[in-house]
Amino acid sequence: MYLHIVLMAPHSPVSPDFVPKLEQSFVRIRQECAGLERFEWVPNLSRSSARYSHALLSVFSTQEALDSYRDSQAHQAMLDAIGPYIQDIVVLDSLLEGDSL
């Protein structure tokens, strides 16, 4: 399993259009990206990185599934839709060893 986390720092104040665009993108990604085990938008509860208020948390069954997601039209459409609302991101990709989920 492969973990893909994207910490996001949205522009402040957050536009009311942002969450609906993100949700629409999530529906498409879930439908089109094979090997996607988990895909969700979560708040960042850490006080030490408050600028990054939310994260995209995703888990893929294989490295190939993660690579395919990155190259997919659904992923590009999400980037195009939410890009104007995000000022910065930090990406973490990692191999999940064992059955940690």
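## A walk through the fold, beginning at Leu92

Leaving out residues up to four places away in sequence, Leu92 touches Leu3, His4 and Ile5. That is a good place to step into this model, which is a predicted one. Leu92 itself belongs to strand E4, which covers residues 86-95. Is Leu92 buried, partly exposed or exposed? Its relative accessibility is 43%, and since buried means under 20% and exposed over 50%, Leu92 counts as partly exposed. Another leucine gives a sense of distance here: Leu57 is 35 residues from Leu92 in sequence, yet their C-alpha atoms are 9.8 Å apart in space.

With that strand in mind, let us step back to the whole chain. The protein has three helices and four strands, and from the N terminus on these elements follow the order β-α-β-β-α-α-β. The radius of gyration is 14 Å, close to the 13 Å that the globule rule gives for 101 residues, so the protein is as compact as a globular protein of that length. Measured out along its principal axes, the C-alpha trace spans about 40 × 30 × 15 Å.

Contacts and surface add to this overview. Taking contacts between residues at least 6 apart in sequence, 74% join residues at least 24 apart. Of the 101 residues, 32% count as buried. The protein exposes about 6,200 Å², and carbon and sulfur atoms supply 52% of that area. As for charge, there are 7 positive and 13 negative charges, and the mean positions of the two sets lie 8 Å apart.

Now back to the start of the chain, where strand E1 holds Tyr2. Which residues does Tyr2 meet once its neighbours within four places in sequence are set aside? Its contacts are Ser58, Val59, Phe60, Ser61, Thr62, Gln63, Leu66, Ser94 and Leu95. Tyr2 is nonetheless partly exposed, with a relative accessible area of 22%; the cut-off for buried is under 20%, so a value of 22% falls in the partly exposed class. Leu36 is 34 residues from Tyr2 along the chain, and 9.6 Å separates their C-alpha atoms.

Follow the chain out of strand E1 (2-10) and you come to a loop that leads to helix H1 (18-32), and Pro13 sits in that loop. Pause here for a look at the backbone: the peptide bond joining Ser12 and Pro13 is cis, with omega at about -5 degrees.

The last stop is the place where two helices follow one another. Ser72 is found in the loop between helix H2 (63-71) and helix H3 (73-82). Is this loop residue buried or exposed? Ser72 has a relative accessibility of 15%, so it counts as buried. What does its side chain meet? A polar atom of the Ser72 side chain lies 3.0 Å from the backbone nitrogen of His75.

His75 is the partner to look at next, and its place is in helix H3. At 12% relative accessibility, His75 also counts as buried. Beyond the residues up to four places away in sequence, His75 touches Ile29, Tyr69 and Arg70. Ser72 in the loop and His75 in the helix are thus a pair worth viewing together, linked by that 3.0 Å approach between side chain and backbone nitrogen.

Terms used:
Residues are numbered from 1 along each chain as its sequence is written. This is a predicted model: local features need pLDDT of at least 70, side-chain atom pairs count only at pLDDT 80 or more; totals for chains, interfaces and linings use all residues. Side-chain values use heavy atoms; hydrogens and water are left out. The radius of gyration is taken over C-alpha atoms; the globule rule is 2.2 Å times the number of residues to the power 0.38. Buried means under 20% relative accessible area, exposed over 50%, partly exposed in between (1.4 Å probe, protein chains only). Contact means heavy atoms within 4.5 Å. Accessible areas come from the Shrake-Rupley method with a 1.4 Å probe; for residues, only the protein chains shown count as cover. Lys and Arg count as positive and Asp and Glu as negative; His and the chain ends are not counted. The place of a charge is taken as NZ of Lys, CZ of Arg, CG of Asp or CD of Glu. A polar contact is a pair of N or O atoms within 3.5 Å; within protein, one must be able to donate a hydrogen and the other to accept it, and residues adjacent in sequence count only if both atoms are side-chain atoms.
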